[in-house]
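Please look through the sequence and the model below before reading on. The paragraphs that follow lead from single residues to strands, to the ligand and to the chain as a whole.

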Amino acid sequence: MSKRILQVEDLMVSFDGFKALDIAYFELEEKELRVVIGPNGAGKTTFMDVLCGKTKPHTGTAMMDGKDLVRLNEQQIVELGVGRKFQTPSVFGSLSVFDNLLLALKTDRKVWRSLFYRLPAEGRARIEDVAETVGLKDCLGMDAAFLSHGQKQWLEIGMLILQDPKLLLIDEPAAGMSDEETAKTGRLLTDLAEKHSIIVIEHDMEFVKQLARTVTVLCEGKILTEGPIEKVQEDPQVIERYLGRSHGTRAEKAAKPVMAGGAHA
Ligand SMILES: Nc1ncnc2c1ncn2[C@@H]1O[C@H](COP(=O)(O)OP(=O)(O)OP(=O)(O)O)[C@@H](O)[C@H]1O
Ligand SMILES: [Mg+2]
């Protein structure tokens with residue numbers, strides 16, 4: 001039987017009186033891969049900001065493992081097992097892929113303490129394992145600056161999963177990726193969902209269809225609807241307020257300003 005990992009109730013964020021987020025109820029099962037879609041400004045990123053402790057809501061709870069994320073700081077939330085990937089990749093360009101991963105491993109204090117007493121070979125094996133998962137095993141010696149935009153995104157996902165989070169929050173992983181990279185990212189997320197619970201925000205409907213999972217539609221801060229992608233994309237409200245407004249096409253995505261360093265360039 002599947003177990004719930006996250007339960008959100010009455011979560012409200014307001015910026016100077018403007019309700020950016022107003023979620024009555026949201027839950028996520030263990031090892032579920034949930035996709036959150038919705039128009040620009042719907043509150044998707046704000047939702048992730050609350051779950052990782054970056055933004056504090058005015059009201060509400062977000063329970064994980066008997067703890068309320070709303071009451072914890074960012075470091076405590078990381079230690080509880082929540083990993084967040086932001087929209088733009090932030091890897092160290094002048095360091096090798098291996099060293100980027102090593103740094104990520106070292107920021108996990110638990111692992112760092114235990115590595116101190118064990119053979120370094122154990123850390124190396126874990127890094128190689130994760131590099132293989134994210135498709136960068138052949139690039140370990142390369143400076144991260146020379147990676148493609150897609151590879152940088154995968155490296156950052158690798159840096160996250162080295163810390164073995166129970167819940168991964170991933171904001172628009174396919175933005176700026178080529179079709180081939182997008183497909184590869186879809187396979188990566190599907191693989192990762194065998195071990196982790198994942199919430200992924202995405203605009204690219206082709207990518208969302210490829211993931212073929214439960215979709216939550218956010219609109220003006222509220223959950224408009226939730227369900228299997230096939231149902232959601234036929235929902236008249238979703239069509240009127242999101243899909244019908246030409247959101248989610250690759251052409252539109254390519255026009256978005258988050259493309260710095262993108263593979264389309
Ligand atoms: N720190 C902030 N201060 C004031 N307003 C904010 C802040 N962060 C977000 N907002 C506003 O809250 C609303 C929700 O923003 P959010 O970034 O969560 O949307 P989004 O769904 O992620 O959009 P996009 O698809 O463009 O990434 C927007 O109207 C935005 O302008
Ligand atoms: Mg956003």
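Helices and strands are DSSP runs, numbered from the N terminus, and a run needs at least four residues to be a helix and at least two to be a strand. With that in hand, and keeping in mind that this is a predicted model, we can begin with Asp68, which is found in strand E5, a strand that covers residues 67-68. Is Asp68 buried or exposed? Buried means a relative accessible area under 20%, and Asp68, at 11% relative accessibility, therefore counts as buried. The side chain of Asp68 reaches the backbone nitrogen of Ala62 at a distance of 2.9 Å. When residues up to four places away in sequence are not counted, Asp68 touches Gly60, Thr61, Ala62 and Met63, so that Ala62 appears both in this list of contacts and as the partner of the side chain.

Strand E5 also has a place in a sheet. This sheet is open and has four strands in the order E2-E1-E4-E5, with antiparallel pairing. Because E2 and E5 stand at the edges and each has a single partner strand, one side of each is left without a neighbour in the sheet. Strand E1, which covers residues 4-15, is joined to E2 by 10 bridges, and the two run antiparallel. To find a place where these strands face one another, look for Glu9, which stands opposite Tyr25 in E2.

Beyond E2 the chain enters a loop that leads to strand E3 (33-37), and Lys31 is found in this loop. Lys31 has a positive phi of about 60°, although it is not a glycine. At 47% relative accessibility, Lys31 counts as partly exposed. A second residue of this kind is Glu172, which is not a glycine either and has a positive phi of about 45°. The place of Glu172 is in the loop between strand E7 (167-171) and helix H7 (179-192). Whereas Lys31 is partly exposed, Glu172 has 3% relative accessibility and counts as buried.

A positive phi also turns up in a hairpin. Strand E9, residues 214-219, and strand E10, residues 222-228, pair in the antiparallel sense over six bridges. Val215 stands opposite Gly227 in E10. The hairpin of E9 and E10 has two residues between the strands, and here Glu220 takes a positive phi near 45°.

Next, consider Leu95, which is found in the loop between strand E6 (82-85) and helix H3 (97-107). With a relative accessible area of 27%, Leu95 is partly exposed. Which residues does Leu95 contact once its neighbours within four places in sequence are left aside? They are Asn100, Leu103, Met142, Asp143 and Ala144. One of these partners, Met142, is 47 residues from Leu95 in sequence, yet the two are 8.2 Å apart in space, C-alpha to C-alpha.

We can now turn to ligand 1. There are 13 residues around this ligand, and of these Gly41, Lys44, Thr45, Thr46 and His203 come nearest. Some of the same names return when individual atoms are considered: a polar side-chain atom of Thr45 lies 2.8 Å from an oxygen atom of ligand 1, and an N or O atom in the side chain of Thr46 is 2.5 Å from an oxygen atom of the ligand. In the side chain of His203, an N or O atom is 2.8 Å from an oxygen atom of ligand 1. Taken alone, ligand 1 exposes 640 Å², and the protein buries 60% of that. The elements that give two or more residues to the shell around the ligand are strand E2 (18-29) and helix H1 (44-51). The largest share, three residues, comes from H1. By type, the residues of the shell divide into five nonpolar, six polar and two charged.

Finally, step back to the chain as a whole, which has 11 helices and 10 strands. Of its 265 residues, 50% count as buried. Among contacts between residues at least 6 apart in sequence, 69% join residues at least 24 apart, and the contact between Leu95 and Met142, residues that are 47 apart in sequence, gives one example of a pair separated in this way. The chain exposes about 12,800 Å², of which carbon and sulfur atoms supply 52%.

Key:
Residues numbered from 1 in each chain as written. Chains lettered and ligands numbered in written order. Predicted model: local features only at pLDDT ≥ 70, side-chain atom pairs only at ≥ 80, totals over all residues. Heavy atoms only, no water. Buried < 20%, exposed > 50% of the residue type's maximum accessible area, 1.4 Å probe, protein only. Polar contact = N/O pair within 3.5 Å; in protein donor to acceptor, adjacent residues only side chain to side chain. Contact = heavy atoms within 4.5 Å. Near = heavy atom within 4 Å. Areas by Shrake-Rupley, 256 points an atom, 1.4 Å probe, with all protein chains shown as cover. Nonpolar A, V, L, I, M, F, W, Y, C, P; charged D, E, K, R; others polar. Pairing = 2+ DSSP bridges.
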